[in-house]
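Thanks for passing this one along. Have a look at the sequence and the structure first, and then compare your impressions with my notes.

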Amino acid sequence: VWSSIPLQGAHCVQFSGYFAKAGDKSMQNSDFAIVEYQLPGWSSWSTIVEFRGHSDGLFLQSNPSISLSETALKVTKPIGNVGNVATLSLRLRTRLDRSEENLAVDSFALISGCTSSPRDCISDSDCSLRGVCN
């Protein structure tokens, strides 16, 4: 858990991070990797990014045609309007229960600002082509 990350006056926020997996391609249906956020005063956490296991790999829940590989995948997702809160907390929950299942994450960031039509971005080129998540 990364607690009380300062938002420095940002009212609209996006999450960005890199994800990859190594090892055996087969995964179990019970495997997952989930990034969540929580605002001050909230008792529950909200999901930002969710990968779920399948016998063919670890797939992005919001777009099952995208699976993790050994090449890092950049995912940018809008969190949206967080109001006038000063901080936000992030957490990463995982379940990989076999020794040959490995997950890598890197460069988690909160980006200030949103556009009028926020969409998920799945790579640097995808984001820059749409001009939505840069």
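Here are my points, going from the whole chain to single residues.

1. Please keep in mind that this is a predicted model. The chain carries one helix and eight strands. Along the sequence the pattern reads β-β-β-β-β-β-β-β-α, which puts the helix after the strands.

2. A few totals for the chain may be handy. Of its 134 residues, 36% count as buried. The exposed surface comes to about 7100 Å², with carbon and sulfur atoms supplying 46% of it. Among contacts with a separation of 6 or more, 75% are between residues 24 or more positions apart.

3. The sheet I would look at is an open one of five strands, in the order E1-E7-E3-E4-E5 and with antiparallel pairing. Its edges are E1 (2–6) and E5 (57–60), each of which pairs on one side only. On average, neighbouring strands in this sheet are turned by 20 degrees against each other, direction ignored.

4. At the E1 edge, three bridges tie E1 to E7 (residues 87–95), and the two run antiparallel. If you want a pair to click on, Pro6 has Thr87 in E7 as its bridge partner.

5. Strand E3 (residues 32–38) deserves a closer look. How many of its residues are buried? Seven of the seven are, so the strand is largely enclosed by the rest of the structure. In a regular strand, side chains alternate between the two faces of the sheet. Here, Phe32, Ile34, Glu36 and Gln38 point one way from E3, while Ala33, Val35 and Tyr37 point the other way. Both sets are buried; the cut-off for that is under 20% relative accessible area.

6. E3 has a partner on either side in the strand order, E7 and E4. Seven bridges join E3 to E7, running antiparallel, and Val35 stands opposite Leu92 there. With E4, the antiparallel pairing covers six bridges, and Glu36 has Thr47 as its bridge partner in E4.

7. Finally, a residue to inspect in E4 (residues 46–54) is Glu50. Which side chain does Glu50 join through a polar contact? It is that of Arg52, at 2.6 Å. Leaving aside neighbours within four places in sequence, Glu50 is in contact with Ala33, Ile34, Phe59, Leu60 and Gln61. Of these, Ala33 and Ile34 belong to E3, and Phe59 and Leu60 fall within the range of edge strand E5.

Notes
Residues are numbered from 1 along each chain as its sequence is written. This is a predicted model: local features need pLDDT of at least 70, side-chain atom pairs count only at pLDDT 80 or more; totals for chains, interfaces and linings use all residues. Side-chain values use heavy atoms; hydrogens and water are left out. Two strands pair if DSSP finds at least two bridges between them. Helices (H or I, at least four residues) and strands (E, at least two) are DSSP runs, numbered from the N terminus. Axes are lines fitted to C-alpha atoms, for helices over the stretch in contact, and angles run from 0 to 180 degrees between N-to-C directions. Buried means under 20% relative accessible area, exposed over 50%, partly exposed in between (1.4 Å probe, protein chains only). Contact means heavy atoms within 4.5 Å. Accessible areas come from the Shrake-Rupley method with a 1.4 Å probe; for residues, only the protein chains shown count as cover. A polar contact is a pair of N or O atoms within 3.5 Å; within protein, one must be able to donate a hydrogen and the other to accept it, and residues adjacent in sequence count only if both atoms are side-chain atoms.
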